[in-house]
Amino acid sequence: MIVLTLTSCNEFLTQTPRSDLTAAEYWKTERDVQNWMNGIYNGMVSGLAPNIRWWGEGRTDNLFPTIYGQGPAYQKNALTSSVGTTDWSDLYTIIARCNLALKYVPGMENLTDIKKEQFYAEIHGLRALMYFYIMRLWGDCPLILESWDLSYETRYNPRASVTEVAKAIEDDIDTSIGYFLSNGSRQTSVHYFNLSAAYALKMDFLAWEGRYDEIPGVYADFMAQGTFTLTATDTEWKNIFITPDESNESIFALAWDTNHSTSTYSTYASAIGFSGSNANFSLGRNMYALMVQDTMDIRLRGVVKRTDYNGDLIASNAPIYGATGGSNNNVQRIYKFLPMGAGYGFFV
């Protein structure tokens with residue numbers, strides 16, 4: 001009895017917890033990979049919002065940072081390490097997930113080559129997109145293209161030059177395009193990285209590199225993949241942001257969840273500081289004035305709400321901002337990513 005008890009005890013103590021899966025136990029089925037991809041996309045959304053707005057238009061005169069969300073630090077270029085969006089760790093988390101997938105998916109025996117190529121195409125494209133953000137924002141940066149081997153000696157990575165990072169980005173984009181072209185079941189949903197997104201990223205990258213003469217050829221390949229057209233009406237323009245899968249102008253939609261529900265976009269608008277009474281941004285005075293003057297511009301009434309401008313969208317109501325943010329017209333909200341309606345904005 002003592003021997004049996006000790007044997008049973010030993011077996012109990014050496015069991016692997018169900019919640020503690022090793023790589024050999026996890027990477028088994030297509031569903032495992034898809035769940036991992038969901039984690040990559042979810043991480044991308046949380047990593048880029050609200051940062052994507054601070055890294056782009058939030059530092060231009062298109063938008064005016066309010067007193068919320070550390071706006072003055074961006075407006076005056078007084079950035080320090082304590083400002084949240086100066087941290088690149090979220091982007092490297094996404095890169096790490098891509099690297100792990102590229103390490104384990106090739107060895108999966110229960111996954112067809114076509115399915116593997118589909119995942120490779122998305123993963124290489126997403127990793128390129130993350131490094132494109134990092135390179136443009138920080139310049140020289142650690143270039144990590146393989147998953148960490150858990151070695152103490154390799155836990156730190158020195159910065160690679162912009163030239164090295166740019167080459168890695170272009171290699172990843174071209175690899176993504178190659179897998180999409182050779183794959184019989186290409187990803188076409190705007191909620192996932194797709195071939196058209198890869199071509200669009202390639203054009204953006206070439207423009208950033210100043211290689212303008214190469215863009216027309218990529219553009220021709222891009223246009224050959226779908227029936228993309230510029231929106232012609234205000235309602236069509238709005239669909240780019242609230243129902244991107246119904247818009248002929250949408251290529252790759254950042255707002256993402258496993259259900260692709262409409263409510264996601266309201267949540268996303270809040271995350272990037274575009275909604276709520278304490279929003280991070282107001283529409284820039286110069287941008288507002290230009291949009292009001294251009295009677296052919298269909299976007300203005302999908303971005304602002306008339307009641308924020310005393311009921312009229314006219315040049316004299318352009319917001320006048322104080323030294324610490326805010327405006328005399330209390331313009332605290334941008335409704336670009338929210339459905340139209342009495343609570344969000346109006347078309348007239």
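Buried means under 20% relative accessible area. That cut-off applies to the residues named below in this predicted model. The protein has 348 residues, and 44% of them are buried. Its secondary structure comes to 14 helices and 4 strands. Helices α3, α6 and α8 get a closer look here, along with the largest pocket.

**Overall picture**

- The protein exposes about 18,100 Å². Carbon and sulfur atoms supply 53% of that area.
- Take the contacts between residues at least 6 apart in sequence: 66% of them join residues at least 24 apart.
- The disulfide count is 0.
- C98 is buried, with a relative accessible area of 0%.
- C141 is also buried, and its relative accessible area is 0%.

**Helix α3**

- Helix α3 covers residues 30-48. It has 19 residues.
- From first C-alpha to last, α3 reaches 27 Å, close to the 27 Å expected at 1.5 Å a residue.
- The buried residues of α3 are D32, V33, M37, N38, I40, Y41, G43, M44, V45, G47 and L48.
- M44 lies in this helix. Its relative accessibility is 2%, under the 20% cut-off, so M44 counts as buried.
- M44 touches I94, L126, L129, M130, F252 and L254, leaving out residues up to four places away in sequence.
- M44 and D90 are 46 residues apart in sequence. In space, their C-alpha atoms are 8.0 Å apart.

**Helix α6**

- Helix α6 runs over residues 89-104.
- At 1.5 Å a residue, its 16 residues should span 22 Å. The end C-alpha atoms of α6 are 23 Å apart, which agrees.
- Buried in α6 are L91, Y92, I94, I95, C98, N99, A101 and L102.
- These buried residues pack against three helices and a strand: α3, α4 (51-55), α7 (113-138) and β2 (141-142).
- I95 is found in α6. Its relative accessible area is 1%, under 20%, so I95 is buried.
- Beyond its neighbours within four places in sequence, I95 is in contact with R127, M130, Y131, I134 and I144.
- I95 and G43 are 52 residues apart along the chain. Their C-alpha atoms are separated by 9.9 Å.
- M130 appears in the contacts of I95 and in those of M44.

**Helix α8**

- Helix α8 takes in residues 162-182, a run of 21 residues.
- It reaches 30 Å from its first C-alpha to its last, close to the 30 Å expected at 1.5 Å a residue.
- V165, A166, A168, I169, E170, D172, I173, S176, I177 and F180 are buried in α8.
- The cover over these buried residues includes α7, β2, β3 (159-160) and α9.
- Helix α7 and strand β2 also pack against the buried residues of α6.

**The largest pocket**

- The largest pocket has a volume of about 1,200 Å³.
- Its lining is made of 32 residues. I52, R53, Y133, F252 and L254 lie nearest its centre.
- Each of these helices supplies at least two lining residues: α3, α4, α7, α9 (195-209), α11 (234-242) and α12 (263-271).
- F252 and L254 lie among the residues nearest the pocket centre, and both are touched by M44 of α3.

Technical notes: Residues numbered from 1 in each chain as written. Predicted model: local features only at pLDDT ≥ 70, side-chain atom pairs only at ≥ 80, totals over all residues. Heavy atoms only, no water. Disulfide = S-S within 2.5 Å. Buried < 20%, exposed > 50% of the residue type's maximum accessible area, 1.4 Å probe, protein only. Contact = heavy atoms within 4.5 Å. Areas by Shrake-Rupley, 256 points an atom, 1.4 Å probe, with all protein chains shown as cover. Expected span 1.5 Å × (residues − 1). 1 Å grid on protein atoms, 1.4 Å probe; cavity = no way out; pocket = protein on both sides within 12 Å on 5 of 7 lines; lining within 4 Å. Points joined across faces, edges and corners; volume = space filled by probe spheres on them.
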